[in-house]
Amino acid sequence: MVTSVISDMDGVIYRGKQLIPGANEFVQRLLAAKTPFLFLTNNAEQTPLDLKLKLESLGVHGLTEDNFITSAMATAMFLRQQKERAKVYVIGGGGLINELYNVGFSISESNPDYVVVAKSSTFSFEQLKKAVRFIDHGAKFIGTNPDMIDPVEGGNEPAAGTILAAISAATGKKPYIVGKPNALMMMLASRKLGVHPEECVMVGDRMDTDIVGGMEAGMKTALVLSGVTTMPMLDEFPYKPDYVFNHVGEIDFQAL
């Protein structure tokens, strides 16, 4: 039986700066029923506070910072399990650096244990050079998420995967990526909720990240057609979601 909800955000709750119809009702029903839930995002730039404030600006109220897990948080949680008090070289923004500090890591260019890479609007050749040198000298290569591009107003812009590809090409090494579609991120989310993955439903708009990640973690999956995936696209994949809805406002948790 499904008792908890893990939900993607972009394409599920909002598109850009627009709230998706039924999204606020979806959140309010979760809060009213006291259903444990988390919003999960591959975005490593924004903190839970940033995301809470964004939703409030769209008219969604009643959430706390504990209702969110980002790929930066998941990366920090994963690395802390691997090594305590590690030294990390970071390519990424304040959201990622903040989460690494929170688990007791130091940001360092002196023999770092890890090179951790997220999307960065200030990525430079100097950073690329340092990352390559550190990895060549034995630092472990970690990516927060594999997204190659992010949709923005007026088109697309390069995302974390583009930077990872450049470093990978220069080092001949592939990064270990924590975020979706890695089922690890779903497992870390269910652990943060304090429930077993089998008790969760993963709600998302992408078959290739949300649905496959939830399925591989052992969760029920609910695809919403308010984002990337359309009904005709379902035939392209060798797996299928447990449920399909037009948008989150249609989801009846009692029936899952």
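1. Helix α5 (residues 125-136) packs against helix α6 (residues 160-171) at an angle of about 50 degrees, and their axes are 10 Å apart. That angle makes α5 oblique to α6; angles under 35 degrees count as roughly parallel, over 145 as roughly antiparallel, 65 to 115 as roughly perpendicular and the rest as oblique. Axes are lines fitted to C-alpha atoms, for helices over the stretch in contact, and angles run from 0 to 180 degrees between N-to-C directions. Helices (H or I, at least four residues) and strands (E, at least two) are DSSP runs numbered from the N terminus.

2. The model is a predicted one, in which local features need pLDDT of at least 70 and side-chain atom pairs count only at pLDDT 80 or more, while totals for chains, interfaces and linings use all residues. Residues are numbered from 1 along each chain as its sequence is written, and side-chain values use heavy atoms, with hydrogens and water left out.

3. The crossing of α5 and α6 is right-handed (the near helix is turned clockwise from the far one by less than a right angle; anticlockwise would be left-handed). From α5, the contact (heavy atoms within 4.5 Å) takes in L128, A131, V132, I135 and D136, and from α6 it takes in A166, I167, A170 and T171. By class, the residues of this contact are 7 nonpolar, 1 polar and 1 charged. Here Ala, Val, Leu, Ile, Met, Phe, Trp, Tyr, Cys and Pro count as nonpolar, Asp, Glu, Lys and Arg as charged, and the others, Gly among them, as polar.

4. A second helix pair is α3 (residues 71-82) with α4 (residues 94-102), packed at about 30 degrees with axes 9 Å apart. α3 is therefore roughly parallel to α4. This crossing is right-handed. A72, M73, A76 and L79 of α3 meet G95, L96, E99 and L100 of α4, a contact of 6 nonpolar, 1 polar and 1 charged residues.

5. The sheet is open, with 6 strands in the order β5-β4-β1-β13-β14-β15 and parallel pairing (two strands pair if DSSP finds at least two bridges between them). β5 (68-70) and β15 (243-245) are the edge strands, each with a single partner, so one side of each has no neighbour in the sheet. From one strand to the next, the twist averages 25 degrees.

6. Strand β13 (residues 200-204) pairs with β14 (residues 220-224) in the parallel sense over 4 bridges, and β1 also pairs with β13 in the parallel sense over 4 bridges. V201 has K220 as its bridge partner in β14, and V5 stands opposite V201. M202 stands opposite T221 in β14.

7. Is β13 buried or exposed? Of its 5 residues, 5 are buried (under 20% relative accessible area, with over 50% exposed and partly exposed in between; 1.4 Å probe, protein chains only). C200, M202 and G204 lie on one side and V201 and V203 on the other, so both faces are covered.

8. Which residues does F26 touch? F26 lies in helix α1 (residues 23-32) and is buried, with a relative accessible area of 0%. Not counting residues up to four places away in sequence, F26 touches V5, S7, I13, F39, V248, I251 and F253. F26 and Q81 are 55 residues apart in sequence and 34 Å apart in space, C-alpha to C-alpha.
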